[in-house]
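Hi everyone, and thanks for coming. I'd like to walk you through a structure that may be new to you, so please have a look at it with me.

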Amino acid sequence: MSTSQPDASRPSPDRATPDKLLHTRTGTDVSPEDMVLATGRDLTPRNLEWARRKLDEEGPDAIEKLLP
């Protein structure tokens, strides 16, 4: 009979994930294509222009606002 508790390593369902662990960026640059794809839109010239403007205005952290 095993004495280990397989559920002991799982986080409790009533605990929220700390903000410092919730991130999307990997240290690489965010491209307009990344921004468009994060919204679920198609890569069209219009959507890419929107993404370029958004990145110019808000910087690479703009993608954080789009992803959960």
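Before we start, one term: a residue is called exposed when its relative accessible area is over 50%, and buried when that area is under 20%. Please also keep in mind that this is a predicted model.

Let's begin with the overall layout. The chain has three helices and zero strands, and its elements run α-α-α from the N terminus on. Of the 68 residues in the chain, 16% are buried.

Now to the middle helix in that order, α2. How far apart are its end C-alpha atoms? They are 20 Å apart, which agrees with the 20 Å that 14 residues should span at 1.5 Å a residue. Asn 47, Leu 48, Ala 51 and Leu 55 are buried in α2. These four cover an arc of only 100 degrees around the axis, so they sit on the same side of the helix. Turn to the other side of α2 and you'll find Pro 45, Arg 46, Asp 56 and Glu 57, which are exposed. Part of what covers the buried residues of α2 is α1. Just after α2 comes Gly 59, with a positive phi of about 80 degrees.

Next, the core. The largest nonpolar core holds eight residues, including Val 30, Met 35, Val 36 and Ile 63. Helices α1, α2 and α3 each give two or more residues to this core, and the largest share, three residues, comes from α2.

Finally, take a look at Val 36. Leaving aside residues up to four places away in sequence, Val 36 touches Arg 41, Asp 42, Leu 43, Asn 47, Leu 48 and Ala 51. Thanks for listening!

Key: Residues numbered from 1 in each chain as written. Predicted model: local features only at pLDDT ≥ 70, side-chain atom pairs only at ≥ 80, totals over all residues. Heavy atoms only, no water. Core = buried A, V, L, I, M, F, W, Y, C linked by side-chain atoms within 4.5 Å. Buried < 20%, exposed > 50% of the residue type's maximum accessible area, 1.4 Å probe, protein only. Contact = heavy atoms within 4.5 Å. Expected span 1.5 Å × (residues − 1). Arc of directions from axis to C-beta.
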